[in-house]
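Visitor: I am new to this structure and should be grateful for a guided introduction. May we proceed by question and answer?

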Amino acid sequence: MRFFWRVFFLFLFLYLLTMGGHIYSPDEEILFRVTQSLAEHGRLSIEPLLGFATKQGIDGKQYAQYGVGQPLLAVPFYYFGKLLAAVFPGGNDPFFIKGIIQYHDGSMNSVQLRLGVSIFNQVVTSLLCAMLFLFCYRLTGDKTASWMTVLLFGMGSYALPHSKPFFMEPLSALLCFSSFFLFYLGLSGQSLKRTLLAGCLFAYSLLVRLDNIFMLPGYAVLIFFHNARESEPGLLNWIRSQSKPVQNKGKENDDAIEPGESDVTFSPLH
């Protein structure tokens, strides 16, 4: 587990070093406004942004077209921005938003609130890198190969630019990949706890992006190859074995059921 935190803090330092610290696009502004509405008022309705990416609800208020999963998790980051605004009130716009198109008023308070939320994806992408390292190390047992893989991913792919804006893709990737990894571990060790946790993460990923439903064939393929490789019954048979009916007492010895057998016959997965 120590390697997990080493990878996490390494990439968090790198991503914070290269962060933008502001909102880049109207999509992010909509997500920020949902986060702000949840944090300040406990509701999902927001102030519209010139009719962009919102729809009017039956109550007459405007609602974002995006999933609620990311704004829910970003609420603590909003409070961090609020803390910054309280500690450093007033002042001019900071240098890092000069010449950048913004979708809010030019007050320092608005800038600091968005600065807090803009840190969200640096944390999320760092967690994704740490999970990738664990997955690679689990598959190969080679720390050098795992480090090379995670460095190439974290610094030489779209993971780096996507760590800057407040888009949903990094969180979606983290939830889906973590879910897949835990499901893999659950199948390998026949761990019902890990399998249930994988299901919870995947379910939450649908609150972030509904199109994550297309991950389901990947889980099916993982189950297929696991059951094709293992000589022992797969996880599904193991779960079924936990609910075998109680054997009837008083049967003749000739009719007695041997240990490991059941009155109910299940078709094997293999």
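Guide: Let us begin with a loop. In this predicted model, Asn 212 is found in the loop that lies between α9 and α10.

Visitor: Is Asn 212 buried or exposed?

Guide: A residue counts as buried when its relative accessible area is under 20%. The relative accessible area of Asn 212 is 8%, so this residue is buried.

Visitor: Which residue offers a backbone oxygen to the side chain of Asn 212?

Guide: Leaving aside neighbours within four places in sequence, Asn 212 is in contact with Ser 172, Cys 176, Phe 202, Ser 205 and Leu 206. The side chain of Asn 212 reaches a backbone oxygen at 2.9 Å, and that oxygen belongs to Ser 205.

Visitor: How are helices α3 and α9 oriented where they pack?

Guide: Helix α3 spans residues 69-87 and helix α9 spans residues 192-208, and their axes are 6 Å apart at an angle of about 100°. Angles of 65 to 115 degrees count as roughly perpendicular. Therefore α3 is, relative to α9, roughly perpendicular.

Visitor: How many residues of the contact of α3 with α9 are charged?

Guide: From α3, Gly 69, Gln 70, Leu 72 and Leu 73 take part, meeting Tyr 204, Leu 207 and Val 208 of α9. These divide into 5 nonpolar and 2 polar residues, and the number charged is none.

Visitor: Which helix gives the most residues to the largest nonpolar core?

Guide: This core has 54 residues, of which Val 7, Ile 30, Phe 120 and Val 150 touch the most other members. Helices supplying at least two residues each include α1, α2, α5 and α8. The greatest contribution, 11 residues, comes from α5.

Note on methods. Residues are numbered from 1 along each chain as its sequence is written. This is a predicted model: local features need pLDDT of at least 70, side-chain atom pairs count only at pLDDT 80 or more; totals for chains, interfaces and linings use all residues. Side-chain values use heavy atoms; hydrogens and water are left out. Axes are lines fitted to C-alpha atoms, for helices over the stretch in contact, and angles run from 0 to 180 degrees between N-to-C directions. Helices (H or I, at least four residues) and strands (E, at least two) are DSSP runs, numbered from the N terminus. Angles under 35 degrees count as roughly parallel, over 145 as roughly antiparallel, 65 to 115 as roughly perpendicular and the rest as oblique. Contact means heavy atoms within 4.5 Å. Ala, Val, Leu, Ile, Met, Phe, Trp, Tyr, Cys and Pro count as nonpolar, Asp, Glu, Lys and Arg as charged, and the others, Gly among them, as polar. A nonpolar core is a set of buried Ala, Val, Leu, Ile, Met, Phe, Trp, Tyr and Cys residues joined through side-chain atoms within 4.5 Å. Buried means under 20% relative accessible area, exposed over 50%, partly exposed in between (1.4 Å probe, protein chains only). A polar contact is a pair of N or O atoms within 3.5 Å; within protein, one must be able to donate a hydrogen and the other to accept it, and residues adjacent in sequence count only if both atoms are side-chain atoms.
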